[in-house]
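Here's a walk through the side-chain contacts of one protein chain. Have the viewer open and follow along.

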Amino acid sequence: MSPSPRKKQAAVASVTLLAAALCAPASAADDPRRPEDFAARFVDAVRSSEPARRLALIHPASRACMNAQTQPYYDWIFSQQARTVIGSYRASAQRIGRVDTVLPPDGQSDYPVPPSHQLQIDFAGTAQGGAVLILFVVHEKAGWREVLPCPRGDVVARMRERQPEDAGLARKVDALLKSMPAAQRGELVGLLREGRKVEAIKRYAAASGEELIVAKRVVESLDPAGR
């Protein structure tokens with residue numbers, strides 16, 4: 001069976017983006033003693049919404065795992081990172097002693113090269129009042145690069161199975177946000193600003209009658225500025 005036109009387009013797009021990333025200028029000036037410096041370039045790339053800039057920061061061995069089949073896995077990672085990169089931030093790093101103690105996001109993927117450091121970026125401007133993003137990085141000739149795990153086949157298969165369900169949930173959350181009364185929105189945002197996220201989720205679930213998983217997504221999607 002030949003690939004569908006959509007899959008062919010996805011594959012061509014992936015190749016084009018990878019080529020752009022490989023041609024991106026190197027960061028030879030990166031200080032190998034300061035993995036924290038990678039945070040600024042990472043945040044700038046994510047906020048730019050330019051896929052080529054984001055891919056340029058990923059280790060080539062991880063990029064080699066990206067194709068039309070694994071794209072849903074990486075799209076999920078990128079979307080989660082984009083949701084977190086909001087507001088001011090500070091970065092800290094620690095060396096990884098043994099790579100086998102580092103667990104990938106799903107516990108069922110493999111790192112193509114051992115990351116040397118765990119980079120933690122703390123953000124202060126999310127709807128939750130703050131969030132933490134953990135990156136695994138390594139320094140080579142091109143500078144600091146993020147090491148992403150390569151997903152196993154069963155992980156990709158499960159993500160594909162969940163795509164219709166996730167898309168339906170996203171549409172429902174969007175509709176609930178648009179119809180939320182201003183007074184309720186103000187109350188929930190106020191709780192978030194006080195760091196009372198769990199209480200905000202429970203309160204919204206009780207008031208709306210929605211399940212907790214829906215309430216959690218709605219609360220986490222609220223604009224931190226209350227708009």
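What follows covers the disulfide, the nonpolar cores, the salt bridges and the aromatic pairs.

## Before you start

Keep in mind that this is a predicted model. The distances and angles below are computed from its atoms.

## The disulfide

Let's begin with the sulfurs. Searching the whole structure turns up 1 disulfide. The partners are cysteine 65 and cysteine 150, with an S to S distance of 1.8 Å. For the chemistry in general, a disulfide is a covalent bond between the sulfur atoms of two cysteines. The S-S torsion for cysteine 65 and cysteine 150 is about 70°, so this disulfide is right-handed.

Where do cysteine 65 and cysteine 150 lie? Cysteine 65 is in the loop between α4 (60-63) and α5 (71-84), while cysteine 150 belongs to strand β6 (residues 150-151), so the bond ties together parts that are 85 residues apart in sequence. As for solvent, cysteine 65 is buried, and cysteine 150 is buried too.

## Two nonpolar cores

Next, the greasy parts. The largest nonpolar core has 18 residues, and Met180, Tyr204, Val218 and Leu222 are the ones with the most contacts inside it. Four helices each supply at least two residues of this core: α6 (153-179), α7 (182-193), α8 (197-208) and α9 (212-220). Valine 218 is a handy residue to click on: leaving out residues up to four places away in sequence, it touches Val173, Leu176, Leu177, Met180 and Tyr204. There is also a second, separate core of 15 residues, which includes Ala39, Phe42, Ala45 and Val137.

Now flip the view to valine 173, one of the residues that valine 218 touches. Valine 173 is found in helix α6 and is buried, with a relative accessible area of 4%. What does valine 173 touch, not counting residues up to four places away in sequence? With those set aside, its contacts include Val214, Arg217, Val218 and Ser221. For a backbone ruler, try valine 173 to alanine 215: they are 42 residues apart in sequence, and their C-alpha atoms are 8.4 Å apart in space.

## Salt bridges

On to the charges. Side chains of opposite charge can pair when their charged atoms come close. The count here comes to 10 salt bridges. One of them joins aspartate 122 to arginine 90, with the closest N and O atoms 4.0 Å apart. Aspartate 122 sits in strand β3 (residues 117-123) and arginine 90 in strand β1 (residues 89-95), so this pair ties together parts that are 32 residues apart in sequence. Is each partner buried or exposed? Aspartate 122 counts as buried at 15% relative accessibility, whereas arginine 90 is exposed, with a relative accessible area of 58%.

Another salt bridge brings together the side chains of lysine 178 and aspartate 174, at 3.2 Å from N to O. Both residues lie in helix α6, and their separation of 4 residues is about one turn of the helix. Lysine 178 is exposed, with a relative accessible area of 67%, and aspartate 174 counts as partly exposed at 37%. Elsewhere, glutamate 199 pairs with arginine 196, their closest N and O atoms being 2.9 Å apart. Glutamate 199 is partly exposed at 28% relative accessible area, and arginine 196 counts as partly exposed at 34%. These two also belong to a network of salt bridges that links Glu187, Arg196, Glu199 and Arg203.

## Aromatic pairs

Last stop: the rings. The structure holds 4 aromatic pairs. One of them is tyrosine 73 with tyrosine 74: the ring centres are 5.1 Å apart and the planes are at 85°, so the pair is edge-to-face. Tyrosine 73 is buried, and so is tyrosine 74.

Then there's tyrosine 111 with phenylalanine 136. Their ring centres are 5.8 Å apart with the planes at 75°, so this pair is edge-to-face. It links distant parts of the chain, 25 residues apart: tyrosine 111 is in the loop between β2 (109-110) and β3, and phenylalanine 136 is in strand β4 (residues 131-140). Tyrosine 111 counts as buried at 17% relative accessibility, and phenylalanine 136 counts as buried at 12%.

Methods
Residues are numbered from 1 along each chain as its sequence is written. This is a predicted model: local features need pLDDT of at least 70, side-chain atom pairs count only at pLDDT 80 or more; totals for chains, interfaces and linings use all residues. Side-chain values use heavy atoms; hydrogens and water are left out. A disulfide is a pair of cysteine sulfur atoms within 2.5 Å. Buried means under 20% relative accessible area, exposed over 50%, partly exposed in between (1.4 Å probe, protein chains only). A nonpolar core is a set of buried Ala, Val, Leu, Ile, Met, Phe, Trp, Tyr and Cys residues joined through side-chain atoms within 4.5 Å. Contact means heavy atoms within 4.5 Å. Rings of Phe, Tyr and Trp (its six-membered ring) pair if their centres lie within 6.5 Å; planes under 30 degrees apart count as stacked, over 60 as edge-to-face and the rest as tilted.
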